[in-house]
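Please look at the structure below with its sequence beside it, and keep both in view while you read. The paragraphs that follow begin with a term and then turn to the places where that term applies.

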Number of protein chains: 2
Amino acid sequence: MKLSTKGRYGVKAMFDLAQNYGSGPIPLNSIAQRNSISEHYLEQLIAVLRKAGLVKSVRGAQGGYILSKSPEAITIGDIIRVLEGPIAPVDCVSEEEPEPCNNAEFCVTRSIWARVRDSVADVLDSITLADMLEEEKKRRDESYMYYI
Amino acid sequence: MKLSTKGRYGVKAMFDLAQNYGSGPIPLNSIAQRNSISEHYLEQLIAVLRKAGLVKSVRGAQGGYILSKSPEAITIGDIIRVLEGPIAPVDCVSEEEPEPCNNAEFCVTRSIWARVRDSVADVLDSITLADMLEEEKKRRDESYMYYI
DNA sequence: TAGAAAACCTAGTGAAATACTAGGGAATGA
DNA sequence: TCATTCCCTAGTATTTCACTAGGTTTTCTA
């Protein structure tokens, strides 16, 4: 039940782009540095995000990446599904084309995995990049208050 | 975010033992056969469950395995934690001894993974083997009604 | 009391995934 | 033109997964 670095790095990178939303294209090396991620590896992940339409790229000098939608319109669920595949603790309850087993009708364990899938999806789909920006701001304010 | 066969097979085997609770020790080969699991592999998984105190074994002919507590007292969360380790989508929010990262205090992604962890744990901890027996019974009854 | 049935134990193994690295090419702004 | 940046394919060490192999030990029963 672990997320791989694909999902984790992907969310970090997308959040970084959200923080810089409106400042033109952000080069990948700066994202990689700020988040301590191998640039070459992140390149492969962002290629997947680009092909899925979550980010746009600008080539050449002063190029980089931009969110293709506003932070309010992108959920963590969107990012995770692109990088880790459909949300499902087991294949027989996959969100898309679940692998059928012989007695899916009566399998009691299956209904448990479906509940796990739904609760994970509910959490991830309810959080947008904008929510994260808000949360970040709140934390900074709190930390400021603390030091007064 | 996938469960391995360890967790899946483990839950199936424990549910099988719950269905046979009160009938003395159940030999492993019968559990393996009923659930289409490699007996030798299941042996290794049930050894873990035994060492964790979830099942008791009876050696020798007519021996087998028994739940060490009643089905009401064993949750799916108990089984999953024993076979898959602490519930956590990433190590920094592990239920036991989370790996600290340099800025855990301010990491916004971290709080997302904590919410995922909690929602999964809530589901798994809320379901006992007795609940599964109930659900199984309900399904059988419904299927019986259908065929009248 | 032999022997079958069962649990118990350690080690090996092929396949797949993970988390990268290597080494380029192609577009574009200054 | 040339530095900067994205784009692409391929390779690779490590780890995990899902087993299999081949035993030993305990205990019931005939």
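A polar contact is a pair of N or O atoms within 3.5 Å; within protein, one of the two must be able to donate a hydrogen and the other to accept it, and residues adjacent in sequence count only if both atoms are side-chain atoms. This is a predicted model, in which local features need pLDDT of at least 70 and side-chain atom pairs count only at pLDDT 80 or more, while totals for chains, interfaces and linings use all residues. Residues are numbered from 1 along each chain as its sequence is written, chains are lettered from A and ligands numbered from 1 in the order in which they are written, and side-chain values use heavy atoms, with hydrogens and water left out.

An N or O atom in the side chain of A:Tyr65 lies 2.6 Å from a phosphate oxygen of DNA strand D. A polar backbone atom of A:Ala61 is 3.1 Å from a base oxygen of DNA strand D, and for B:Ala61 a polar backbone atom is 3.4 Å from a base oxygen of that strand.

Around DNA strand D there are 28 residues, of which A:Glu43, A:Ser57, A:Tyr65, B:His40 and B:Gln44 come nearest; a residue is near a strand if one of its heavy atoms lies within 4 Å of it. Of the atoms of DNA strand D that come within 4 Å of the protein, 58% belong to sugar and phosphate.

In chain A, strand 1 (residues 55-58) and strand 2 (residues 64-67) run antiparallel and are joined by 4 bridges, where strands are DSSP runs of E with at least two residues, numbered from the N terminus, and two strands pair if DSSP finds at least two bridges between them.
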